[in-house]
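Please look over the sequence and the model below. The report then walks through the ligand site, the sheets and two backbone details.

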Amino acid sequence: MKRRTFLLGTASGFSVLALAACVSPAPVPTASPAPTTLTPSLVPQPLAVSRTNWSTDPFSRGSFSYAAVGATPEHRVALGQAVDARVFFAGEATAVDAPGTVQGARASGLLAAGRVQDVAAPGERITIVGAGIAGITAARQLVNAGYDVVVVEARDRIGGRIDTVSSDWPFPIERGPSFVHRTSDNFLDDELTTLGVSLLPFVRTPEVRTRAGAVVEVSTLGAEAVAGALDWAADQQQDVSVERALIDSGEAKLSSTPNADGLSDSDWLEYEIATKLKVETGATPSQQSAWYTTDMGSADDDQIVIGGYSTLLKSDADGLELLLSSVVNRVAHDDGGVSLRLGTGESLSADRVILTVPLGVLQTAAIEFSPALPFAHRGAIAALGMGVLDKVWLRFDEPFWDTEARLWTIVGEDADFPVWVNMMPLTGEPILMGVVAAENATRLSELDDDEFLSAALTALEPFLAVPDAAVSDE
Ligand SMILES: Cc1cc2nc3c(=O)[nH]c(=O)nc-3n(C[C@H](O)[C@H](O)[C@H](O)COP(=O)(O)OP(=O)(O)OC[C@H]3O[C@@H](n4cnc5c(N)ncnc54)[C@H](O)[C@@H]3O)c2cc1C
């Protein structure tokens with residue numbers, strides 16, 4: 001049984017939970033090798049599976065940006081600066097407000113389009129690289145303003161990380177974003193509703209189960225420890241990782257003595273890390289900045305999109321000049337304009353370009369810049385982090401669970417899939433969506449589909465309905 005893989009992710013081998021051992025002995029962490037032989041799970045085989053692998057996707061190289069230790073909002077500002085009024089940048093990583101979200105990406109597209117309009121003469125040719133929400137939003141604004149716009153996209157579809165799959169599923173499933181976060185701060189929910197896309201309120205009160213399947217009351221100990229550590233970090237001279245803040249503030253000193261449910265205080269810290277910190281950033285606490293770790297993920301006014309997030313792009317994309325399946329691998333500019341080279345060897349020229357490719361793509365240097373990007377841009381690309389969150393969607397013949405809860409979480413181990421959304425009460429369909437984040441997602445990204453499915457089904461075992469006979473025997 002895999003346990004506490006969080007410990008394995010720390011560079012020093014010392015960890016928050018190892019510190020808890022100062023209070024009482026903690027179990028010795030053991031490595032959890034990727035399964036070589038598949039153990040059949042008690043959970044029935046699903047009828048349909050859809051798995052994502054955003055870290056190996058060459059046009060994403062991760063799921064969303066996060067504030068790595070030492071990164072600041074100024075790095076996002078720097079990344080969003082135009083170079084010589086020719087090369088402009090947009091995309092969620094450049095968003096100071098709500099980075100890592102759909103609304104942040106869209107706002108960045110509007111900002112970049114506005115900056116182009118400030119310097120471009122009427123009718124100029126503007127190329128936009130990337131047909132995600134940032135690129136399509138910028139393109140629509142510039143077309144409406146009378147510019148000659150072409151959008152160049154590496155994939156054979158628009159949407160980028162907004163990746164709705166409608167065929168073969170009873171309702172459109174989302175392989176990228178599912179939620180509109182903080183609907184009181186933006187109008188995305190209203191726009192989707194106007195477009196005929198259904199959304200449902202999603203209050204994130206989870207049902208929490210132990211690995212043995214016992215339903216337990218969520219403890220606030222872990223959340224309090226993280227909040228205390230971040231408060232402590234805010235008073236320090238320099239940024240440290242969330243992990244270091246937990247240790248040095250003393251907030252990680254939680255008992256590891258199990259109670260009657262087999263859970264200790266330190267299990268609740270691990271729970272907070274697994275179900276919140278890692279899921280919201282795609283990064284381990286040893287990677288995350290204690291100063292700038294945001295809490296964009298969960299809010300009481302979140303809504304879950306049921307009817308197809310990608311609908312948001314369709315009307316803006318309507319009538320745009322799109323070059324799909326076209327990978328840009330070189331961007332050169334001078335006083336006269338911009339030249340883009342495609343993977344096919346062809347070139348495109350424009351007066352100006354807006355690059356909306358994800359931070360992960362910029363970090364792999366898949367695009368060559370001539371001249372090289374200014375130091376401030378390179379510094380920002382290196383400083384910001386690209387987190388990993390992957391999803392698995394499973395459709396079953398019938399529910400094997402008997403809980404009505406929409407949100408399922410697991411406490412007591414660093415489960416590969418610590419968070420599940422039960423679509424049954426939302427849609428009437430026996431469909432589950434699980435998420436795996438940070439180093440667990442990176443490890444699972446290397447598994448083949450059978451191994452990946454096996455890991456997902458094993459993670460679901462705590463939610464197996466208890467047979468009636470077992471209940472009456474108690
Ligand atoms: C699993 C997952 C879950 C998420 N959950 C949520 C959520 O619930 N709510 C939320 O608000 N946000 C969520 N997000 C984040 C959200 O999806 C992104 O912030 C947003 O979609 C980013 O939009 P973008 O336009 O900046 O980038 P992208 O959508 O990535 O667009 C960039 C485009 O550039 C293209 N491209 C890349 N390289 C090249 C190249 N060399 N040449 C040409 N084109 C190229 C890509 O193919 C892509 O289409 C999630 C993301 C993931 C992956």
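The residues of the shell around the ligand divide into 21 nonpolar, 14 polar and five charged. This is a predicted model, and the values here are computed from it.

**The ligand site**

Start with the ligand. There are 40 residues around it. Which of them come nearest? They are Glu 92, Val 102, Glu 153, Arg 161 and Phe 179.

Two of these residues, Glu 92 and Val 102, also offer polar backbone atoms to oxygen atoms of the ligand. His 181 takes part through its side chain, facing a nitrogen atom of the ligand. The table lists the three contacts.

| Residue | Protein atom | Ligand atom | Distance |
|---|---|---|---|
| Glu 92 | polar backbone atom | oxygen | 2.9 Å |
| Val 102 | polar backbone atom | oxygen | 2.9 Å |
| His 181 | polar side-chain atom | nitrogen | 3.4 Å |

How much of the ligand's accessible area does the protein cover? On its own the ligand has 1000 Å² of accessible area, and the protein covers 98% of that.

Helices contribute to the shell as well. Two elements give two or more residues each: α3 (102-119) and α4 (133-144). The largest share comes from α3, with three residues. Val 102, one of the nearest residues, falls at the start of the α3 range, 102-119.

The shell also draws on separate domains. Domain 2 (70-163 + 310-381) supplies at least three residues. Domain 3 (171-203 + 299-306) likewise supplies at least three.

**The seven-stranded sheet**

Now turn to the strands. Strands of a sheet pair through backbone hydrogen bonds, either parallel or antiparallel.

One open sheet has seven strands. Their order is β1-β20-β23-β22-β21-β10-β11, and the pairing is mixed. Why do β1 and β11 each have one side without a neighbour in the sheet? Both β1 (48-51) and β11 (215-216) stand at the edges with a single partner strand, so one side of each is left free of a neighbour there.

The partner of β1 at its edge is β20, as the strand order shows. β1 and β20 (residues 389-395) run antiparallel and pair over four bridges. Within this pair, Arg 51 stands opposite Val 392 of β20.

**The five-stranded sheet**

A further open sheet has five strands, in the order β3-β17-β4-β5-β13. Here the pairing is parallel. The edge strands are β3 (87-89) and β13 (321-323). Each has a single partner strand, so one side of each lacks a neighbour in the sheet. From one strand to the next, the twist averages 25°.

Inside this order, β4 and β5 are adjacent. β4 (residues 125-129) and β5 (residues 148-152) run parallel and are joined by five bridges. Opposite Ile 126 stands Val 149 in β5.

**A hairpin and its parallel partner**

β14 (residues 328-334) pairs with β15 (residues 337-342) in the antiparallel sense, over six bridges. How many residues lie between β14 and β15 in their hairpin? There are two. Val 328 has Leu 342 in β15 as its bridge partner.

β14 also pairs with β18 (residues 368-370). This time the strands run parallel, and three bridges join them. Arg 330 has Glu 368 in β18 as its bridge partner.

**Two backbone details**

Most residues other than glycine have a negative phi, and most peptide bonds are trans. Two places depart from this pattern.

The peptide bond from Ser 370 to Pro 371 is cis, with omega near -5°. Pro 371 sits in the loop between β18 and α11 (375-383). Ser 370 falls at the end of the β18 range, residues 368-370.

Ala 85 has a positive phi, near 55°. Its place is the loop between α2 (73-79) and β3. That β3 is an edge strand of the five-stranded sheet described above.

Note on methods:
Residues numbered from 1 in each chain as written. Predicted model: local features only at pLDDT ≥ 70, side-chain atom pairs only at ≥ 80, totals over all residues. Heavy atoms only, no water. Near = heavy atom within 4 Å. Polar contact = N/O pair within 3.5 Å; in protein donor to acceptor, adjacent residues only side chain to side chain. Areas by Shrake-Rupley, 256 points an atom, 1.4 Å probe, with all protein chains shown as cover. Nonpolar A, V, L, I, M, F, W, Y, C, P; charged D, E, K, R; others polar. Domains from an automatic or database assignment. Pairing = 2+ DSSP bridges. Axes fitted to C-alpha atoms, helices over the stretch in contact; angles between N-to-C directions.
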